[in-house]
Amino acid sequence: MQEEASYICDACGEEIVVPIDVSQGAEQEYVEDCPVCCHPNVIHVHVGRDGVADIQAEAE
């Protein structure tokens, strides 16, 4: 099972690594501020049956 995934901040272009919490379900969406530039990103997580997470981000 995948414990971390990364996304690219839409505002500054930095790669951000986040933990994956599968207890929150296979489809997740939440807002997280970029730790580099502080701009909010909407994070979309899909965890497949194989435990591999697909993560995407977009500006809020």
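Two strands count as paired if DSSP finds at least two bridges between them. With that in hand, here's a quick look at strands S3, S4 and S5 in this predicted model. S4 and S5 (residues 53-59) clear that bar with seven bridges, running antiparallel. S4 (residues 40-47) also pairs with S3 (residues 27-33), again antiparallel and again over seven bridges. Asn41, which sits in S4, gets its own section below.

**S3 and S4**
- If you want a landmark for how these two strands line up, look at Glu27, which stands opposite His46 in S4.
- The two strands make a hairpin, with six residues between them.
- Cys38 sits in that turn and has a positive phi of about 70°.

**S4 and S5**
- Here the landmark is Ile43, which faces Ala57 of S5.
- This pair is a hairpin too, with five residues between the strands.
- Gly51 is the residue to check in this hairpin, as it takes a positive phi near 85°.

**Asn41**
- Asn41 has a relative accessible area of 1%, and because the cut-off for buried is under 20%, Asn41 counts as buried.
- A polar atom of the Asn41 side chain lies 3.5 Å from the backbone nitrogen of Asp10.
- Setting aside neighbours within four places in sequence, Asn41 is in contact with a string of residues, including Tyr7, Cys9 and Asp10.
- The contacts of Asn41 also include Tyr30, Val31 and Glu32, along with Cys34.
- Also among them are Ala57, Glu58, Ala59 and Glu60.

Key: Residues numbered from 1 in each chain as written. Predicted model: local features only at pLDDT ≥ 70, side-chain atom pairs only at ≥ 80, totals over all residues. Heavy atoms only, no water. Helix = DSSP H or I, 4+ residues; strand = E, 2+ residues; numbered from the N terminus. Buried < 20%, exposed > 50% of the residue type's maximum accessible area, 1.4 Å probe, protein only. Polar contact = N/O pair within 3.5 Å; in protein donor to acceptor, adjacent residues only side chain to side chain. Contact = heavy atoms within 4.5 Å.
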